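Visitor: I would like a close look at one part of this protein. Please take me to the surroundings of the ligand, and show me how they fit into the rest.

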Amino acid sequence: MKVSLIGVGLMGYAMAERLIASGHQLTVFNRSTSKAEPLKELGATIAVSAKDAIQEASVVILMVSDARAIEQLLFTDGQVNLSGQTIIQMGTIAPSESIEIQKKLFKQDCHYFECPVLGSRNEAREGRLILLVGSSKEKFERWLDFLKVFGPSPRWIGDVGKAAALKLALNQLIAAHALSFSLSLGIIEKNEVDVDTFMTILRESALYAPMYDKKLSNWMKQSYENPNFPTKHLLKDVDLILDEVNNKGLSNEILQAMRNVIEQSVNEGLGDKDYSSVFQIINRLK
Ligand SMILES: NC(=O)c1ccc[n+]([C@@H]2O[C@H](COP(=O)([O-])OP(=O)(O)OC[C@H]3O[C@@H](n4cnc5c(N)ncnc54)[C@H](OP(=O)(O)O)[C@@H]3O)[C@@H](O)[C@H]2O)c1
């Protein structure tokens with residue numbers, strides 16, 4: 001299939017590799033062209049504008065930072081003819097933002113649905129993402145086989161907005177786990193308790209989450225290079241979750257406190273590092 005992918009940052013690049021490896025004819029567009037260039041050698045065509053990428057395609061995937069970027073690409077940067085096109089939005093945005101984009105695209109006779117993902121670069125490259133689809137049931141069934149390129153079992157969550165909401169609920173747990181585990185690890189270290197003993201007991205208990213082991217070496221080495229999910233995007237997501245919590249009348253105290261720590265991490269220059277960098281702030285390691 002002729003696929004266009006807009007946004008080849010950390011996730012988009014890995015998704016591009018996956019699409020090419022699966023035999024799709026891929027065109028990519030990225031605002032900073034240099035990030036897309038290496039994909040040329042793998043067989044992708046590099047478009048000079050989002051408009052060109054969209055016109056080339058049977059389907060367009062969006063994998064950019066946020067809704068503002070989507071607005072700019074589709075509605076601000078020149079006139080893009082979207083009539084008859086299908087756009088699949090795979091980044092993490094708010095339910096209300098996704099619904100708004102759908103409305104605008106519907107007016108232009110463009111088919112839109114959301115498909116936020118759980119998992120990161122390796123899962124994208126290897127087709128192991130968890131895909132959450134917000135669309136009509138009919139559209140889900142129409143695109144199911146194609147979506148399986150990114151993950152074996154895409155799940156239909158409900159109409160546009162529902163999958164975006166589910167994704168925010170999951171990412172709230174990323175923030176909570178990262179911060180909470182950092183604090184526990186801090187207690188262990190400051191009391192000179194053996195970390196291996198702590199981990200062994202934790203793994204045997206109902207409290208364990210696999211992400212603790214995934215990030216443990218970052219935390220132990222205090223090294224947050226080569227991020228899968230950068231701290232700045234965790235802050236972006238927590239802001240989306242805070243809006244959601246406030247709009248729905250849920251308690252925001254815990255989330256606000258988490259936000260403060262993540263924001264400090266970004267302010268201290270760790271925005272482009274892995275989100276496990278929140279450990280630095282929690283444990284006041286300067
Ligand atoms: N990383 C993960 O593990 C992960 C997992 C699941 C979901 N997500 C979500 O997936 C999305 C992409 O994440 P990522 O990690 O790939 O982020 P990233 O590496 O920061 O890439 C962001 C992409 O958005 C583009 N972009 C940003 N602002 C733009 C604008 N105003 N106009 C045009 N393009 C713009 C960037 O272009 P430039 O290169 O020109 O800056 C880049 O292609 C985010 O919503 C993120 O929350 C990430």
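Guide: We start with the whole protein, then go to the ligand, the two domains and one pair of helices.

Keep in mind that this is a predicted model. The secondary structure comes to 14 helices and nine strands. The radius of gyration is 20 Å, and the globule rule gives 19 Å for 286 residues, so the protein is as compact as a globular protein of that length. Along the principal axes, the C-alpha atoms fill a box of roughly 60 × 45 × 35 Å.

Now the ligand. Its shell holds 25 residues. G9, R31, A69, G91 and S120 are the closest. Look next at the elements behind the shell. Three of them give two or more residues each: α1 (10-21), α5 (67-76) and α12 (231-247). What is the mix of nonpolar, polar and charged residues in the shell? Nine residues are nonpolar, 12 are polar and four are charged.

Step back to the domains. The domain assignment gives domain 1, residues 2-159, and domain 2, residues 164-282. Which of them supplies the shell around the ligand? Both do, with at least three residues from each.

How do the domains sit relative to each other? Their centres, taken over C-alpha atoms, are 27 Å apart. Across the contact, 16 residues of domain 1 meet 13 residues of domain 2. On the domain 1 side, α6 (95-107) and β8 (130-134) each supply at least two residues. That side of domain 1 divides into eight nonpolar, five polar and three charged residues.

One more stop: a pair of helices. Find α9, residues 162-190, and α13, residues 253-270. Their axes come within 11 Å. They cross at roughly 75 degrees. An angle from 65 to 115 degrees counts as roughly perpendicular, and α9 and α13 are therefore roughly perpendicular to each other. Which residues meet here? A175, A176 and L179 come from α9, while M258, V261 and I262 come from α13. By class, this contact has six nonpolar residues, with no polar and no charged ones.

Go back to the ligand once more. Its shell draws on domain 1 and domain 2, and its closest residues include G9 and R31.

Terms used. Residues numbered from 1 in each chain as written. Predicted model: local features only at pLDDT ≥ 70, side-chain atom pairs only at ≥ 80, totals over all residues. Axes fitted to C-alpha atoms, helices over the stretch in contact; angles between N-to-C directions. Helix = DSSP H or I, 4+ residues; strand = E, 2+ residues; numbered from the N terminus. Parallel < 35°, antiparallel > 145°, perpendicular 65-115°, else oblique. Contact = placed C-beta atoms within 7 Å. Nonpolar A, V, L, I, M, F, W, Y, C, P; charged D, E, K, R; others polar. Near = placed C-beta within 6 Å. Domains from an automatic or database assignment. Rg over C-alpha atoms; globule rule 2.2 N^0.38 Å.
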